[in-house]
Amino acid sequence: MKITDARVIVCSPGRNFVTLKIFTDQGIYGLGDATLNGMEKSVATYLTEYCIPALIGKDPGNIEDIWQYFYRGVYWRRGAVSMTAVSAIDMALWDIKAKLLDTPLYNLLGGRSRDRILVYAHANGANLGEAVENTAREVEKGFKAVRVQCGIPGVGNAYGVVTDKKPYEPAKRGLPPEEIWDTSLYLNYIPKVFGKIREVFGNDLHLLHDVHHRCTPIEAARLAKELEPFHLFWLEDPVACELQESLRLIRQHSTTPVAVGEVFNSVFDYTTLITEQLIDYIRMPLSHGGGITHLQKVAAFASFYHIATGFHGATDLSPVTLAAAIHFNTAINNFGIQEYMPHSEVVGDVFKTNYKFENGFLTIDDSPGIGVDIDEKAAARYPYITARLPVNRKSDGTLFNW
Ligand code: KDG
Ligand code: MG
């Protein structure tokens with residue numbers, strides 16, 4: 001079997017997506033998600049100019065060798081752009097192999113370890129009242145786990161909160177918007193938010209919260225300790241952890257579980273975090289972390305340290321990634337939870353999906369491969385629109401982590 005061609009489809013049904021489609025001489029094609037929010041064209045160009053010419057003629061069945069070719073074989077290893085490209089290639093090759101064998105992807109990853117995938121929803125409120133209302137709405141839909149983000153009095157832009165009642169979407173047209181942030185006001189307020197949410201919803205609802213890299217290690221330790229009585233499912237990205245050792249401080253002070261790594265792209269971002277058991281969940285998604293081939297290794301490594309998966313699943317990951325993640329989560333033993341932020345309806349014009357949400361869980365059907373298809377004619381009706389993630393500043397103007 002040979003790869004005969006590949007192309008990159010960039011489209012914007014409501015938001016930008018980059019999809020790699022790899023064709024073979026057996027008439028089977030595979031899809032991979034190459035979307036990197038706010039940097040879409042860099043990945044598209046890298047794939048088109050550098051990767052696709054080297055893919056043509058290769059046997060798509062040699063997934064490990066092709067992975068090594070685009071990782072080890074490229075002198076400038078790692079980095080978000082190149083790892084997103086490697087991930088898309090890898091995902092498309094697994095899609096091809098499973099289609100060729102006429103079986104759903106999870107069968108190639110070890111078969112079923114479970115029947116359904118626990119997911120968490122998003123509830124955000126411009127203020128506490130709205131956060132409670134929106135949490136109730138997600139609970140009514142059947143969600144057993146909800147990530148709660150809330151506006152902070154005196155803070156211009158709390159992460160994950162919208163003020164216009166539209167679904168949360170951080171990328172905005174044109175140049176990056178600038179936001180204003182104040183950690184001390186946030187730290188004083190957020191324990192009250194979770195106190196209220198627990199009071200209203202009781203102990204059994206799983207609650208999650210994303211700090212989005214905005215605390216220093218000692219601030220994060222304080223936050224994790226003060227949130228301890230509310231028994232969070234996890235506290236996400238409490239610090240910007242280029243310095244993995246900094247997570248030790250949180251562990252020394254609290255039992256709040258920690259999830260890290262939606263911006264990571266290789267196992268080497270995780271080694272200290274995993275071997276020292278400084279985290280509880282790995283967030284690195286299939287589309288940025290080297291695809292199925294690399295995440296299988298990372299998830300297996302994490303499993304030996306009692307660490308589970310909790311893959312990133314915001315709307316800037318395409319339905320191809322979500323479906324691939326459901327297969328992956330179905331197969332591995334150390335699955336924890338999957339983020340699920342449903343795509344807007346218009347995304348369904350372009351991507352035909354095979355998963356469904358019911359009563360707090362996602363399931364996937366047994367179509368061969370990943371099971372998602374792209375309607376290229378429909379994609380052409382939604383051309384790319386430049387959109388960028390925000391830049392964040394402290395209230396005195398200092399540039400900070402978004
Ligand atoms: O593109 C950035 C988003 O994917 C990110 O801000 C979402 O933090 C996020 C999350 O946990 O879903
Ligand atoms: Mg996050």
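**Exercise 1.** How far does a polar side-chain atom of E339 lie from an oxygen atom of ligand 1?

*Solution.* The structure is a predicted model, and the distances are computed from it. Start at E339 and take a polar atom of its side chain. From there to an oxygen atom of ligand 1 the distance is 2.5 Å. A polar contact requires N or O atoms within 3.5 Å. The protein as a whole covers 94% of the 330 Å² of accessible area that ligand 1 has on its own.

**Exercise 2.** Find the residues that come nearest to ligand 1, and describe its surroundings.

*Solution.* Step one: 14 residues stand around ligand 1, and N37, H212, E262, D316 and E339 come nearest. Step two: check two of these side chains. For H212, an N or O atom of the side chain is 2.8 Å from an oxygen atom of the ligand. For E262, the corresponding distance is 2.6 Å. Step three: sort the shell by class, which gives 7 charged, 4 nonpolar and 3 polar residues. Step four: identify the site, where ligand 1 takes up the space of the second largest pocket.

**Exercise 3.** Into which domains is the protein divided, and how many residues of each are in contact with the other?

*Solution.* First, set the bounds: domain 1 covers 3-104 and domain 2 covers 108-368. Next, take the centres over C-alpha atoms; they are 26 Å apart. Finally, count the residues in contact: 33 from domain 1 and 35 from domain 2.

Conventions
Residues are numbered from 1 along each chain as its sequence is written. Chains are lettered from A and ligands numbered from 1 in the order in which they are written. This is a predicted model: local features need pLDDT of at least 70, side-chain atom pairs count only at pLDDT 80 or more; totals for chains, interfaces and linings use all residues. Side-chain values use heavy atoms; hydrogens and water are left out. A residue is near a molecule or strand if one of its heavy atoms lies within 4 Å of it. A polar contact is a pair of N or O atoms within 3.5 Å; within protein, one must be able to donate a hydrogen and the other to accept it, and residues adjacent in sequence count only if both atoms are side-chain atoms. Accessible areas come from the Shrake-Rupley method with a 1.4 Å probe; for residues, only the protein chains shown count as cover. On a 1 Å grid over the protein atoms alone, a cavity is a set of points where a 1.4 Å probe fits but cannot get out, and a pocket is an open set with protein on both sides within 12 Å along at least five of seven lines; lining residues have an atom within 4 Å of a point. A molecule sits in a cavity or pocket if more than half of its atoms lie within 2 Å of its grid points. Ala, Val, Leu, Ile, Met, Phe, Trp, Tyr, Cys and Pro count as nonpolar, Asp, Glu, Lys and Arg as charged, and the others, Gly among them, as polar. Domain bounds come from an automatic or database domain assignment.
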